[in-house]
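Trainee: Got a minute? I'd like to go through this model with you.
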Amino acid sequence: MSFENLGLAPALTRALADAGYEQATDVQQQAIPLGLSRLDLKVSSQTGSGKTASFALPALQRILEARGDGDKRREKGVVHGPRVLVLAPTRELAMQVAKAFSAYGKHVQGLRVTTVVGGVPYGAQLKALRGPLDVVIATPGRLIDHLGSGKCVLQNLEMLVLDEADRMLDMGFIDDIRHIAQQTPAQRQTVMFSATFAGHVGRLADELLKPEAQTVQVARHTDTHASIEQRLHWADNRQHKDALLDHLLADREVDQAVVFTSTQQDADWLADRLAEFGHRVASLHGGMPQGRRTRVLQGLRTRQLRVLVATDVAARGIDVPTISHVINYGMPMKAEDYVHRIGRTGRAGRNGLAVTLAERRDVSMVKRIQQFTTQSIPVAQVTGLEPRQPEPRIFMGAPRGAGGEHRGHPGGRHGGHGHPGARQGGRPGGNPAGRSRPEGPGYGRPPGHGDAAHAGRPEGHFERRREGGAQARRAAAPAAGRGRFGDQKPRGAFQARDSRWGR
Ligand code: AMP
């Protein structure tokens, strides 16, 4: 369905055409007309489904209509506060939503969108809150600060959006959200997005939404993620996981990858290790100052970075369509986070590959993920890097991909049968492309390094570092006399980090 048919103003449909959107997605088809009718909404929709536009467009139309009515709020010297407030769990998601508002609202004259998030100085936020404002996109904690000091005025608010409400409640924001909502007019339109409306999210919806609120349910966590191929590699220990990771990242098919770790320390450690091997890599986690987080994300968008090592919270809301691979190096804390992680790839009509590297101790989390998604993740092996320990067996009905057959990947992006060095379901298989295969029992260096593994990219700073890293690694890693997954970390691994991304 085209956007014109949904009742959107020409200023908005023009911006959507500029963005290259031709058809409205499912959630947009359902939620936009209801949003334009100014109804309260409960929307369950998968990340990557186009949900941002489904609330941003009705919000922008509201602003356009106010402009048409002369918009008395724009006189100088009076603080009116915003018409629209979006609450998001993380800074990254808030920034992403702000970017979407600016893109979809590019033909809305004098549109003023501001973000109010933690980790950045107060000055610019205070200035923006004093001026004429259309949209505020905020994380709850920082907004509460501004409400407490009387600097943020919400009594003229017309629309309140809660993005990823379940996540905000998981992060302990329930009282903050209640407090913020109490500062807004009762007749406001309230739109809530959440993976689930069970339990405390449902109760909050009952509190905040009007009784005639509508429900939109588009994609649930049980959906098949048709654009994302999932794989599971069992690893004997961390060294084995490192070897598998090196193998995966050496693949030319990797356009950009997000590698997830369980902790901030692991993210820093792993980014250092990968930098030492010459990857254009940086870490991203909640312990970093906002300025650096923004620079890192910019580096990812501009492709200066090929690999991002991230924690769950920091990676929420990352929307970079060129992320071709998600690799779970450390398991998520919650099964639901797995769905958010893999949703970083396979975006905007592309295909993606999500690979989970699991150790034996991760069995119960793998099981929980499979129960949550109601799918089993097909098990794969890399020739030459097979686990020594027998693979754990997880029973949950008839697993997909059982019988050793690899299911074709939609679009064939990752080559399915032809994926170099990988095979599925324990089926004996060759190495069709005859490359990326670890050499000998020691395989001390990551496959693909030292060859033109990333050929086709301009020779830049990072490529030179890669060469240096590979040489350093070769020098530091004698091929013989090592354990199978022997200590592969070269000395000095923590020193050779690019200062632009380093700590
Ligand atoms: P979201 O679920 O809002 O994070 O959106 C996921 C991605 O889909 C973003 O990169 C959007 O720019 C893109 N997108 C949203 N709506 C459409 C559409 N109708 N057609 C094509 N791409 C879209």
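Mentor: Sure, we'll take the ligand, then a pair of helices. Keep in mind that this is a predicted model.

Trainee: How many residues surround the ligand?
Mentor: There are 12 of them. The closest are Y21, Q23, Q28, G50 and T52.

Trainee: And how does that shell divide into nonpolar, polar and charged?
Mentor: Seven of the shell residues are polar, three are charged and two are nonpolar.

Trainee: Which ligand atom does the polar side-chain atom of Y21 lie 2.3 Å from?
Mentor: An oxygen atom of the ligand. T52 also places a polar side-chain atom by a ligand oxygen, at 2.6 Å. For D319, the distance from a polar side-chain atom to an oxygen of the ligand is 2.8 Å.

Trainee: What share of the ligand does the protein bury?
Mentor: The protein buries 81%. That is out of the 500 Å² the ligand exposes when taken alone.

Trainee: Switching to helices. At what angle do α3 and α4 pack?
Mentor: About 50°. Their axes are 10 Å apart. Helix α3 covers residues 51-68, and helix α4 covers residues 91-104.

Trainee: What do we call that arrangement?
Mentor: Oblique: the angle between them makes α3 oblique to α4.

Trainee: Is the crossing left-handed or right-handed?
Mentor: Right-handed, as α3 passes α4.

Trainee: Why give both an angle and a distance?
Mentor: Because two packed helices are described by the angle between their axes together with the distance between those axes.

Terms used:
Residues are numbered from 1 along each chain as its sequence is written. This is a predicted model: local features need pLDDT of at least 70, side-chain atom pairs count only at pLDDT 80 or more; totals for chains, interfaces and linings use all residues. Side-chain values use heavy atoms; hydrogens and water are left out. A residue is near a molecule or strand if one of its heavy atoms lies within 4 Å of it. A polar contact is a pair of N or O atoms within 3.5 Å; within protein, one must be able to donate a hydrogen and the other to accept it, and residues adjacent in sequence count only if both atoms are side-chain atoms. Accessible areas come from the Shrake-Rupley method with a 1.4 Å probe; for residues, only the protein chains shown count as cover. Ala, Val, Leu, Ile, Met, Phe, Trp, Tyr, Cys and Pro count as nonpolar, Asp, Glu, Lys and Arg as charged, and the others, Gly among them, as polar. Axes are lines fitted to C-alpha atoms, for helices over the stretch in contact, and angles run from 0 to 180 degrees between N-to-C directions. Helices (H or I, at least four residues) and strands (E, at least two) are DSSP runs, numbered from the N terminus. Angles under 35 degrees count as roughly parallel, over 145 as roughly antiparallel, 65 to 115 as roughly perpendicular and the rest as oblique. A crossing is left-handed if the near helix is turned anticlockwise from the far one by less than a right angle, and right-handed if clockwise.
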